[in-house]
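Biologist: I would like to go through this structure by question and answer. Please keep each reply short and end it on the value or name I ask for.

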Amino acid sequence: MDRDTLTWLLSAPGQTLLAQLDDRPLSEADALSELTRLRRSYPPEYAAAAFELSLLRRRARAKFPIAAHMYFTREALEQSSAAPVAAWRAARLAAYAHVADLGCGIGGDALAFAATGAQVTAVDRDELRLELAAANAAALGLQERISFVQADLLTTDPPLADALFCDPGRRAGGRRRFDPAAYEPPLNHVLSWRERTPALAVKLAPGIDSTDLPSDAEVEFVSLDGELKEAVLWCGPLARHTRRATLLRSADDLTTHTLEPVADEAAVPLSEPLAYLYEPDPAVIRAGLVARLANLIGAAQLDPTIAYLTAAVLVATPFARSWPILEWQPFQLKRLRARLRARDAGPVTVKKRGSPLDTDALARQLSGSGSRPLVVALTRLNGQPIALICTDRV
């Protein structure tokens, strides 16, 4: 898509075509037939852009509840934050009247900031993405709260604002960049903006090495529906702790669960498997808060290097999934298969932490003809491989 094509999509004929396509059950497999049909009435570039946008709107529903009215390119959609994540971030910045969204892309975060009532200055060096963001703001009725500025943040200072949010580019040629020095702008360059605006938040890849981060900031790991989505670095007055795990649910209206470290955290005991197996949420694991969770629920670790926890009593917690343990044994495939047959195993799901085995291949080997679905967890107990046979997740 280019700017002229976007202008046409925003025109009355373009809106009519998009409305027609949105009513059709389209998929990638329909590309040839649909484009052949559309090209009888529209120039090829308009037909292709409308078909692509219609597909992207369907794909974007998982991120944006109002995706049917928004404008995307494929790459920009992949890079954008899901709406619940952007809304949580905006809630943490809600006290600031003017927020600058630096590297705004298609405007997902700018829209979330504006929805809290803030005035937003959205900056990007890509003119097309700025126009997409402006179209999205207009579609949501937020255009009066957002101003758009084209600028290269490597050579131009951020606009004056009460707080800054930056989502630096972490892809090049379709490949991810893991080194923060290779971000666009580089992380060190972004952090230099604190001298003028101390309230700075930076979106990061969740796998970032903690040694690349300043010691006086907070790093928050965010999961959505149990999937780790991103890390956010909170600087200056925005930092409340050194680390934080935040769990969001797409079905909830900003209902969140956060876990934070405490001083003098008690050591977590080690234990053989007890009645229940807990698997902490990936945000808890990535934030290094497994011990905090274990102490909250009275659980022990199976191995000091593995995040699995175990407890004799089930304690409900949003920070972990849990399974009742039927039995456990040192890992030995033949014996494990025999014990599953003895328990009338039907389909078997295999989970692992600290095991090199292929879970899908092993699940096929272990699944039986019985009536009982079971779960096998492969892990280590004091460095030795074990297998736990569990019932369905609580």
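Biologist: In which sense do strand S12 and strand S15 pair?

Modeller: This is a predicted model. In it, S12 covers residues 276-280 and S15 covers residues 320-330. There are 5 bridges between these two strands, and the sense of the pairing is antiparallel.

Biologist: Which residue of S15 is the bridge partner of Tyr-278?

Modeller: S12 runs over residues 276-280 and pairs with S15. For Tyr-278, the bridge partner in S15 is Ser-322.

Biologist: Which strands stand at the edges of the open sheet of 7 strands?

Modeller: The order of the sheet is S13-S14-S12-S15-S18-S17-S16, and the pairing is mixed. An edge strand has a single partner strand, so one of its sides is left without a neighbour in the sheet. The strands in that position are S13 (300-301) and S16 (345-352).

Biologist: What is the phi of Asn-382, and where is this residue placed?

Modeller: Most residues other than glycine have a negative phi. Asn-382 is not a glycine, yet its phi is positive. The residue sits in the loop between strand S17 (372-381) and strand S18 (384-390), and its phi is about 50°.

Biologist: Is Asp-225 buried, partly exposed or exposed?

Modeller: Asp-225 lies in the loop between strand S8 (218-224) and strand S9 (227-234). Its phi is also positive, near 55°. Buried requires under 20% relative accessible area and exposed over 50%. Asp-225 has 43%, so the class is partly exposed.

Biologist: Which residues does the cis peptide bond with omega of about -5° join?

Modeller: Most peptide bonds are trans. The proline of this cis bond is in the loop between strand S6 (175-176) and helix H9 (187-191). The bond joins Glu-184 and Pro-185.

Biologist: How far apart are the end C-alpha atoms of helix H8?

Modeller: H8 has 13 residues, 127-139. At 1.5 Å a residue the helix should span 18 Å, and the model agrees with that, because the distance between the end C-alpha atoms is 18 Å.

Biologist: Which residue caps the N-terminal end of H8?

Modeller: The cap is made by a side-chain oxygen that lies 2.9 Å from the backbone nitrogen of Leu-128. At the other side, just after H8, Gly-141 has a positive phi of about 70°. The capping residue is Asp-126.

Biologist: Which strands are included in what covers the buried residues of H8?

Modeller: The buried residues of H8 include Leu-128, Leu-132 and Asn-136. Their cover includes helices H1 (3-10), H5 (74-79) and H7 (108-115). The strands included are S2 (119-124) and S3 (146-150).

Biologist: Which residues have the most contacts inside the largest nonpolar core?

Modeller: This core has 54 residues. Helix H4 (residues 44-60) gives the largest share, 9 residues. A second, separate core has 44 residues, among them Ala-205 and Ala-307. Inside the largest core, the residues with the most contacts are Phe-72 and Ile-146.

Biologist: Which residue of H8 is in contact with Ile-146?

Modeller: Leaving aside neighbours within four places in sequence, the contacts of Ile-146 include Ala-110, Leu-111 and Val-120. H8 spans residues 127-139. The contact of Ile-146 that falls in this range is Ala-137.

Biologist: How many disulfides does the count come to?

Modeller: A pair of cysteine sulfur atoms must lie within 2.5 Å. Cys-235 is buried at 1% relative accessible area, and its sulfur is 11 Å from the closest cysteine sulfur, in Cys-166, which is too far for a bond. The count of disulfides is 0.

Definitions and conventions
Residues are numbered from 1 along each chain as its sequence is written. This is a predicted model: local features need pLDDT of at least 70, side-chain atom pairs count only at pLDDT 80 or more; totals for chains, interfaces and linings use all residues. Side-chain values use heavy atoms; hydrogens and water are left out. Helices (H or I, at least four residues) and strands (E, at least two) are DSSP runs, numbered from the N terminus. The expected span of a helix is 1.5 Å times one less than its number of residues. Buried means under 20% relative accessible area, exposed over 50%, partly exposed in between (1.4 Å probe, protein chains only). Contact means heavy atoms within 4.5 Å. A polar contact is a pair of N or O atoms within 3.5 Å; within protein, one must be able to donate a hydrogen and the other to accept it, and residues adjacent in sequence count only if both atoms are side-chain atoms. A nonpolar core is a set of buried Ala, Val, Leu, Ile, Met, Phe, Trp, Tyr and Cys residues joined through side-chain atoms within 4.5 Å. Two strands pair if DSSP finds at least two bridges between them.
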